[in-house]
Amino acid sequence: MERANDSSLMGFILLGFSDHPHLEAALFVFVLFFYLLTLVGNFAIIVISYLDPLLHTPMYFFLSNLSLLDLCFTTSLAPQTLVNLGGPEKTITYGGCVVQLYISLALGSTECILLAVMALDRYIAVCKPLHYVSIMNPRLCQQLASISWLSGLANSLIHATFTLQLPLCGNHRLDHFICEVPALLKLACVDTTVNEMVLFVVSVLFLLIPPALILISYGFISQAVLKIKSVEARHKAFSTCSSHLTVVIIFYGTIIYMYLQPSNSYTQDQGKFISLFYTIVTPTLNPIIYTLRNKDMKVALKTLLSKKNVLPTNMIFKEVFPRHVVSHPASI
């Protein structure tokens, strides 16, 4: 691939927060703290959902996928950020930047689709409870999860490759702490109008259509929940759905602010802090929100912690979905 620069040989200098050296030590502690919380929280959700037979349902299957996504997404970015903040070394190789761009873009795009899939699962569970088990069967769940992962991968391959085609003319000072598309576009020494149009179209597909579908599904969910006569069942349904809706608002809100606004509508420092929030903080909030607001997860966690003996092997390797799943909305 021909380039009018030598960035592929010398890599990039990540300026990061070097404009605010007094903040770097505090930000290092901040990032490390949230990164460790992300690892522990999301790994705990995966393990609990896997070990507790009562959580072998489509909802927790998708939640485990979300936790795995967050683990990989944060791990693709946090270590480099810690290196950038923790010492004088502010560089990243060209190959490292390319790998980081492809992986983070693929995982971020996958999460956009997966959150919409999780909303579809909640819609069917609440609005079509009698058909929930037959509709959300293991095969369909695996297909929906696969579509989410593959769509994210496809977007990354197309979008990242298109961005990396741009000549940089020797510009290698990246005013960011990670390799991200908007920051790379600013380094280009040619007209990036086409790339910005591609970025806008992709952002609409992944950042506007999925949340629109989610909001529509939750409109139907709200109507169905209000018709439930049992106060306890209604509260449980609202609690579970509000957990997912909270994650949706936090995730999409920050990324839409970053990608769907003109780059001149916010300062570069604002862009860095927004990126820091959705790359480091948001993956930590997901397990906190789902565990604190989800009674089933809290009960499962207490049960596993209270057991003195290790679960037998045949319990650990049970099928992902039970033969019988309660289909009433109160079990959501």
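Trainee: How many cavities of 30 Å³ or more does the structure hold?
Mentor: This is a predicted model, where local features need pLDDT of at least 70, side-chain atom pairs count only at 80 or more, and totals for chains, interfaces and linings use all residues. A cavity is a set of points on a 1 Å grid over the protein atoms alone where a 1.4 Å probe fits but cannot get out. With the cut-off at 30 Å³ or more, the number is 4.

Trainee: What volume does the largest cavity have?
Mentor: Volume here is the space filled by probe spheres set on the grid points, which are joined across faces, edges and corners. For the largest cavity, that comes to about 300 Å³.

Trainee: Which residues lie nearest the centre of the largest cavity?
Mentor: Residues are numbered from 1 along each chain as its sequence is written, and side-chain values use heavy atoms, without hydrogens or water. Lining residues have an atom within 4 Å of a cavity point, and the largest cavity has 23 of them. Nearest its centre are Leu105, Gly108, Ser109, Ile255 and Tyr259.

Trainee: Which helix gives the most to that lining?
Mentor: Helices are DSSP runs (H or I, at least four residues), numbered from the N terminus. H5 (94–127), H7 (138–164), H9 (193–207) and H11 (231–259) each supply at least two residues to the lining of the largest cavity. The top giver, with 6 residues, is H5.

Trainee: How many residues of the lining are nonpolar?
Mentor: Nonpolar covers Ala, Val, Leu, Ile, Met, Phe, Trp, Tyr, Cys and Pro; Asp, Glu, Lys and Arg are charged, and the others, Gly among them, are polar. In the lining of the largest cavity, 6 residues are polar and 1 is charged, while the nonpolar count is 16.

Trainee: How many of the 34 residues of H5 are buried?
Mentor: H5 reaches 50 Å from its first C-alpha to its last, close to the 50 Å expected at 1.5 Å a residue (1.5 Å times one less than its number of residues). Buried means under 20% relative accessible area, exposed over 50%, partly exposed in between (1.4 Å probe, protein chains only). H5 is mostly covered, and its buried count is 26.

Trainee: Which residues are exposed on the other side of H10?
Mentor: H10 (residues 209–226) buries Pro210, Pro211, Ile214, Ser217, Tyr218, Ile221 and Val225. They share one side of H10 because they cover an arc of only 120° around the axis, taken from the directions from the axis to the C-beta atoms. An α-helix has 3.6 residues a turn, so residues three or four places apart point the same way. Exposed on the other side of H10 are Leu213, Leu215 and Leu226.

How values were computed
On a 1 Å grid over the protein atoms alone, a cavity is a set of points where a 1.4 Å probe fits but cannot get out, and a pocket is an open set with protein on both sides within 12 Å along at least five of seven lines; lining residues have an atom within 4 Å of a point.
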